[in-house]
Amino acid sequence: MSKSFPGVKALDKVQLEVKPGSVHALIGENGAGKSTLMKCLFGLYHPEEGTIELDGEKVEMADPNTALKLGISMIHQELNPIPYRSVVDNIWVGRFVKKGMVVDEEKMKAMTEELLKDLEFNIPADTLAKSLSVSQLQAIEIAKAVSYDAKVIIMDEPTSSLTVAETKHLFKIIGRLKSEGRSIIYISHKLEEIFEITDEITIMRDGQYVGKWAIRDITIDEVIHQMVGRNMEERFPPAEDTIQEEVLLKVEDFTSAQEHSFEHINFELHKGEILGIGGLVGAQRTELVEAIFGLRKIRSGTLVMNGKIIKNQTPKDAIKNKFALLTEERRATGIIPMLSVWDNALVVAYKKLADNVIGLIHRKKIGKSVDDICRELDVRMANTDTLIKNLSGGNQQKVLVGRWLLSDCDILILDEPTRGVDVGAKYEIYKIMRDLVKKGKAIIMVSSEMPELLGMSDKIMIMCEGKLSGILEQKEATQIEVMKYATMFSNKAKEEDSE
Ligand SMILES: Nc1ncnc2c1ncn2[C@@H]1O[C@H](COP(=O)(O)OP(=O)(O)OP(=O)(O)O)[C@@H](O)[C@H]1O
Ligand SMILES: [Mg+2]
């Protein structure tokens with residue numbers, strides 16, 4: 001199969017062969033063409049050349065409806081919920097169940113409840129999509145794909161917004177789908193996952209087919225090698241002694257204005273330090289960092305920066321106080337889809353520059369830094385005038401990271417910074433993080449990826465159900481220790497329940 005976009009050959013004679021009742025991994029760097037191939041298979045894109053065979057018969061994928069009718073469903077990489085409609089509507093949109101001429105709301109609700117119950121997703125069917133968390137939206141998307149009774153289910157980075165427990169839950173569902181004889185095409189940048197649940201693996205590089213292996217015949221290092229086309233010795237740049245005596249930020253008794261959110265959080269952040277924040281879903285980590293950045297209200301709490309009390313009541317205050325926040329969900333709160341990469345990279349720096357030089361901006365001067373940062377992060381695109389929505393998922397994330405790197409901040413808050421980013425580019429982001437702390441900046445990083453949390457943090461603060469449950473030094477931190485603190489209060493609650 002081949003498919004081009006203006007200036008990019010996204011697919012160049014690619015092949016893929018999937019067995020029934022198996023989980024097939026499709027992997028490659030950001031921009032390798034994985035999502036494009038899947039969109040061709042799902043009838044969203046029309047390739048210039050190539051054929052699709054299903055059960056040995058040649059089929060034409062005119063559009064997604066045809067694909068669904070033929071038994072192919074897809075969980076998209078970028079979620080697209082209809083915000084002001086219920087879970088029910090979001091699942092059955094386009095195929096409402098009717099009684100005579102009218103939509104049978106009751107039946108649809110019952111079907112939804114049964115579907116969610118069957119998959120053990122605890123989400124009320126009449127909730128509006130806009131009030132669901134990212135991981136709940138992902139669960140709805142999974143439920144929807146399953147509801148089509150498909151033979152082939154494409155999962156394009158289904159776990160990118162899921163935490164450890166939710167991922168385990170998804171794997172259980174995948175196991176069941178597989179035992180029912182269905183095939184799953186599984187795209188992920190989390191290589192540990194690939195080795196846990198897939199049977200076969202197809203690797204792509206730069207729009208081309210590299211090869212196919214049974215998962216037992218290949219190692220993680222070899223997968224990385226085939227993917228990036230070179231050897232990668234280390235997955236994390238070595239830590240240097242960058243932590244300074246000086247405390248840059250003190251967070252004291254931070255408590256959310258909302259019920260059931262974070263409470264009494266205290267920690268210190270030194271210059272040159274990377275503080276990781278670990279925890280499970282519902283730990284309120286995102287809520288905490290958003291409150292620090294002025295996006296959420298607090299009931300009590302003080303921020304002390306360089307020994308002085310500061311107030312971040314709005315993000316504008318926070319930016320002025322030299323904070324930066326890379327949000328967790330790039331589609332909802334990150335990218336501006338209709339603008340170019342250049343503009344997206346500069347929105348924050350722009351404001352600053354405009355404040356200083358009364359709206360006069362040297363396109364050439366700052367343009368160079370955009371080019372530099374995009375090169376450093378290896379953003380794959382035709383040029384910086386490309387609309388950001390046309391970049392692959394991981395490359396969009398890289399531009400957002402670049403945006404904050406250009407903003408000249410002292411405290412960089414990163415919420416799941418490498419979500420959807422391939423191993424090679426992850427390494428580049430980590431290197432830049434290390435460079436920043438070397439320059440005396442400090443980083444707060446919320447991460448659900450255990451290797452990243454352990455590999456990059458100088459100190460790990462762990463939260464459980466809104467409370468701080470422990471702070472571990474890098475040396476003493478292990479996966480088991482982190483998990484112990486991450487479930488500390490919930491275990492206690494369970495014990496009390498059973499008594
Ligand atoms: N609609 C589009 N218009 C223009 N270019 C596009 C479009 N969709 C994809 N591309 C380009 O095609 C190439 C392949 O992108 P694709 O989204 O398939 O990558 P991917 O392997 O899924 O990457 P990621 O891991 O980051 O999700 C990229 O260079 C991307 O910029
Ligand atoms: Mg993709």
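1. The shell around ligand 1 is mixed in character: six nonpolar residues, eleven polar and three charged. Bear in mind that this is a predicted model, so that applies to every value below. Of the 20 residues around the ligand, the ones that come nearest are Gly31, Lys34, Thr36, Ser392 and Gly394.

2. Now the polar contacts of the ligand. Serine 392 uses its side chain, with a polar atom 2.7 Å from an oxygen atom of ligand 1. Glycine 31 works through its backbone, where a polar atom is 2.8 Å from a ligand oxygen. Asparagine 390 also comes in through the backbone, an N or O atom lying 3.0 Å from an oxygen of ligand 1. How much of the ligand's accessible area does the protein cover? On its own ligand 1 has 640 Å², and 89% of that is covered by the protein.

3. As for which elements build the shell, β2 (8–11), α1 (34–41) and α14 (393–405) each give two or more residues. The largest share belongs to α1, with three residues.

4. That makes α1 worth a closer look. Is this helix largely enclosed or largely open? Seven of its eight residues are buried, so α1 is largely enclosed by the rest of the structure. The buried set is Lys34, Ser35, Thr36, Leu37, Met38, Cys40 and Leu41. Two of these names, Lys34 and Thr36, also appear among the residues that come nearest to ligand 1. After the helix comes glycine 43, with a positive phi near 80°.

5. Back to serine 392, which sits in the loop between α13 (363–376) and α14. Its relative accessible area is 25%, so this serine counts as partly exposed; note that ligand 1 is not part of the cover in that value, since only protein chains count. Serine 392 also links distant parts of the sequence: serine 35 is 357 residues away along the chain, yet the two C-alpha atoms are 7.9 Å apart in space.

6. Another serine to look at is serine 457, in the loop between α16 (450–456) and β21 (459–464). Is serine 457 buried or exposed? Its relative accessible area is 2%, so it is buried. Its side chain reaches the backbone oxygen of leucine 453 at 2.6 Å.

7. On to the rings. There are four aromatic pairs in the count. One of them joins phenylalanine 254 and phenylalanine 262, which are stacked with 15° between the planes and 6.5 Å from centre to centre. Both of these phenylalanines are buried.

8. Two charges sit over rings as well. Arginine 95 has its charged end over the ring of tyrosine 148, 3.5 Å from the ring centre. For lysine 467 the partner is phenylalanine 489, with the charged end 5.3 Å from the centre of the ring.

9. Last, a couple of backbone angles to check by eye. Glutamate 120 is not a glycine but has a positive phi of about 60°. This glutamate lies in the loop between α4 (105–118) and α5 (134–147), and its relative accessibility of 52% means that it counts as exposed. Aspartate 206 also has a positive phi, near 45°, without being a glycine. Its place is the loop between β11 (200–205) and β12 (208–214).

Technical notes. Residues are numbered from 1 along each chain as its sequence is written. Chains are lettered from A and ligands numbered from 1 in the order in which they are written. This is a predicted model: local features need pLDDT of at least 70, side-chain atom pairs count only at pLDDT 80 or more; totals for chains, interfaces and linings use all residues. Side-chain values use heavy atoms; hydrogens and water are left out. Rings of Phe, Tyr and Trp (its six-membered ring) pair if their centres lie within 6.5 Å; planes under 30 degrees apart count as stacked, over 60 as edge-to-face and the rest as tilted. Buried means under 20% relative accessible area, exposed over 50%, partly exposed in between (1.4 Å probe, protein chains only). A charge sits over a ring if NZ of Lys or CZ of Arg is within 6 Å of the ring centre and within 35 degrees of the ring normal. A residue is near a molecule or strand if one of its heavy atoms lies within 4 Å of it. A polar contact is a pair of N or O atoms within 3.5 Å; within protein, one must be able to donate a hydrogen and the other to accept it, and residues adjacent in sequence count only if both atoms are side-chain atoms. Accessible areas come from the Shrake-Rupley method with a 1.4 Å probe; for residues, only the protein chains shown count as cover. Helices (H or I, at least four residues) and strands (E, at least two) are DSSP runs, numbered from the N terminus. Ala, Val, Leu, Ile, Met, Phe, Trp, Tyr, Cys and Pro count as nonpolar, Asp, Glu, Lys and Arg as charged, and the others, Gly among them, as polar.
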